[in-house]
Amino acid sequence: MFQCKLRPNLSFANVSGNIKFTVVLVMALVNTVCVVVSIGLIKLSLGDVFSYTNMGYGNNQYGIKTAYFWTHPDKGLVKNRLMQITIGGRTCNAVHVNVVARHGARYTGLKDMRSFTFLQRKLKNNFSNQNYNFINDWVNNYPEEKTEQLTALGRREMAYLGKYFGTELFDLLNGTLGVDGTPKFLNFTATHKVRTQNSVKFLYSGLTDVFFGKNSTNINPKIRDDILRFYDNCKKYEHDIADRSEVLKFENGPKFQKMLRDITKRLGANVSMSIGDAKVLYVLCATELAIMNKADWCTLLTEDDREVLEYDKDIEEYLIKLYAHPVVGQMSCPLAKAAFTDMDSAIAANDLGSSYTKGIFQVGHTDTVVDLATGLGLFKDADAIRADNYEAMKNRTFRASSHDTFSSHLAFILYNCGGSGADNYALKLVYNGKPVTIPKCNSETCWYRDFRLGYKHFIDDCDWNKVCSVNDGQPIVG
C-alpha cells in the first residue's frame, strides 16, 4: 500500500520566518501530491481509469489480436472536428460519410481456446522459475459456446466508434435518427456473422448516446456478404495465397529460433518451446489482457519477443491482405464501387436539395478493411515484408498492431465546397481516427473527380468475376 507521511510535530522555534514559510509550503505541496497519488491509486485499484483493457501491456504489439484502445487510446472527442476541410483555398462542409469497420474485440476461435489448455498442460510442473508458478494453477475459463462472440471490450470499442462519428460529425448526423431512435437517413450493414451484427448494434448505441443521451441497440443491420465478404469463393485469391513458405522461413530462421530458446531458458523449462507453442502464447497473452484483464502470460514474453512474433504475423498479413499478390486489392472493388455509387447519389440529392442517406456504417472483418485499404494503395512500403529483412523493416509503414486492430475502420467523408456538380465536391479518408494521405492525390484531401479518375479502374471498371478467375484478371492497383 502506498503511504505518504510527514512528521506531525515540527518545531519552528529557532527558524527564521522565510524558512518557516518555505517548510510549510513544501509540506503543503507534498500533502497535495499524496492526495493526488492516493486518488490515482484508488482509481487504479478499481479499474476506473487505468487498466490493461485501456492501456494494454508493454509495446502493445499483438497483431490482429490488438484491442483498438491499446494503440488508439481515446484522447477526447471534439464536436464537429471533421465537419470542415479546406482545399484549393475553399472551405468545404461534410455532406456524407461511409464507414467500413472491422468488428469489435471478440473471443478467440475454438482451436485457439483448446490450444491454450494444451500449452498449460505441457508447461505445468515442467519449469523451475517460480515467477511463473501461476501456470500450474491456471484454468482455462473461456467457454467454448462463446467462441468468436463479441466481448465486453469489443462492445466498448464499437460504442466508442458511434460516439466518435456522432460527435466529430455532429452537424452532419444530427437529425438522421427519428425521435424514437429509428434511422431516417442512415444505413447499417453487416455480414452473416453474429459478431458483426452485434458490433453494429453497439456502434448504434454510441450514436444514440450522442443524440439522445441513451444507449439503444435496437437496430437490425442489412446483411451484405456480397460486398463485405468479397473474399469468399474468390478462387484466384485462394490459389495465390496458398504459398506460406516465407512465413516458414522466418519461423525457422535465427530471430525466431533465438526467441524460442530465450523463452525456454527464462522459464527454466524441462521441455522446449516449439514454434506453435510461441504462437499460442502470443494469442493467449493478448486474449487474457482483453478479456480477463490479466498480464500473467504476457510476462513470459519480452518486448523483443513480441516484436519478433508481430513480424511473423505481419509477413502473413502481407501475403494474404497486402501487396504480395495483386488479387488481394483487386477483389475488394465491389465494396469500393458500392461506396462511390452511394456518394454519387448523395451528390445528386444534395445538389437538388432532396433528402438522402447521410451516413452508411458497415461492419465486416479484418480482411474487409485491410483489403480495401490495399485496393486504395494505402500503407504500402517500398519493400516487401519478408523473412530476410526483419531489421530493415522495423520502421515499416504497415503494422497489423496499428492498422488491423479490432474495430479498425476506414471512413470516406464527402464534402461540398459550394456549388453543384461533382467538380465542387472533395473527399477525405480517415483511418482509425487519423487522416491518411490518398496515394493518387498525394494529399489528405482530394477533389472528388480527381479521386474517381485516379481510381477509375478500381471503381468503375470493377469486374469481380474476372478478378477472381484463376486464368484471368488484370492488375487494378499499381
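**Exercise 1. Handedness and place of a disulfide**

Task: Work out which hand the link of C333 and C462 has, and where in the chain its two ends lie.

Solution: With 60° about the S-S bond, the link of C333 and C462 is right-handed, and this, like every value below, is computed from a predicted model. The sulfur atoms of C333 and C462 are 2.1 Å apart, and since a disulfide is a pair of cysteine sulfur atoms within 2.5 Å, the pair qualifies. The next step is to place the ends: C333 belongs to helix α16 (residues 333-352), while C462 is in the loop between α20 (456-459) and α21 (464-467), so the pair links distant parts of the chain, 129 residues apart. Finally, buried means under 20% relative accessible area; C333, at 0% relative accessibility, therefore counts as buried, and C462 is buried as well, with a relative accessible area of 15%.

**Exercise 2. Two further disulfides**

Task: For the pair C285 and C298, find the distance between the sulfur atoms and say whether the disulfide is right-handed or left-handed; then do so for C441 and C446.

Solution: It helps to recall that a disulfide is a covalent bond between the sulfur atoms of two cysteines. C285 and C298 form such a link, with their sulfur atoms 2.0 Å apart. The torsion about the S-S bond of C285 and C298 is about 100°, so this disulfide is right-handed. C285 lies in helix α13 and C298 in the loop between α13 and α14 (303-321), and the pair links distant parts of the chain, 13 residues apart. C285 is buried, with a relative accessible area of 0%, and C298 is buried, with a relative accessible area of 0%.

For C441 and C446, the S to S distance of the disulfide is 1.8 Å. With -40° about the S-S bond, the link of C441 and C446 is left-handed. Turning to accessibility, C441 is partly exposed, with a relative accessible area of 22%, whereas C446 counts as buried at 3% relative accessibility. By the distance rule, the count for the model comes to 5 disulfides.

**Exercise 3. How two helices meet**

Task: Determine how the axes of helix α12 and helix α13 are arranged, and which residues make the contact.

Solution: Begin with the axes: those of helix α12 (residues 254-267) and helix α13 (residues 275-292) come within 10 Å and cross at roughly 75°. Because angles of 65 to 115 degrees count as roughly perpendicular, α12 is roughly perpendicular to α13. Next, list the residues in contact: F256, Q257, M259, L260 and I263 in α12 meet I275, A278, K279 and L281 in α13. Sorted by class, the contact of α12 with α13 has 7 nonpolar, 1 polar and 1 charged residues.

**Exercise 4. Salt bridges**

Task: For the salt bridges of E144 with R114, K255 with E391 and R386 with D388, give the N to O distance and say how exposed each partner is.

Solution: The underlying idea is that side chains of opposite charge can pair when their charged atoms come close. In the bridge of E144 with R114, the closest N and O atoms are 2.9 Å apart. E144 lies in the loop between α5 (134-137) and α6 (152-168) and R114 in helix α4 (residues 110-123), so this pair ties together parts that are 30 residues apart in sequence. E144 is partly exposed, with a relative accessible area of 38%, and R114, at 42% relative accessibility, also counts as partly exposed.

For K255 and E391, the closest N and O atoms are 2.8 Å apart. This pair links distant parts of the chain, with K255 in helix α12 and E391 in the loop between α17 (366-375) and α18 (400-403), 136 residues apart. K255 is partly exposed, with a relative accessible area of 36%, and E391 counts as partly exposed at 45% relative accessibility.

The side chains of R386 and D388 meet in a salt bridge with an N to O distance of 2.8 Å. R386 counts as partly exposed at 27% relative accessibility, whereas D388 is exposed, with a relative accessible area of 59%. Elsewhere, salt bridges that share partners join R102, E317, K321 and D404 into one network. The count for the model comes to 29 salt bridges.

Key:
Residues numbered from 1 in each chain as written. Predicted model: local features only at pLDDT ≥ 70, side-chain atom pairs only at ≥ 80, totals over all residues. Heavy atoms only, no water. Axes fitted to C-alpha atoms, helices over the stretch in contact; angles between N-to-C directions. Helix = DSSP H or I, 4+ residues; strand = E, 2+ residues; numbered from the N terminus. Parallel < 35°, antiparallel > 145°, perpendicular 65-115°, else oblique. Contact = heavy atoms within 4.5 Å. Nonpolar A, V, L, I, M, F, W, Y, C, P; charged D, E, K, R; others polar. Buried < 20%, exposed > 50% of the residue type's maximum accessible area, 1.4 Å probe, protein only. Salt bridge = Lys/Arg side-chain N within 4 Å of Asp/Glu carboxyl O.
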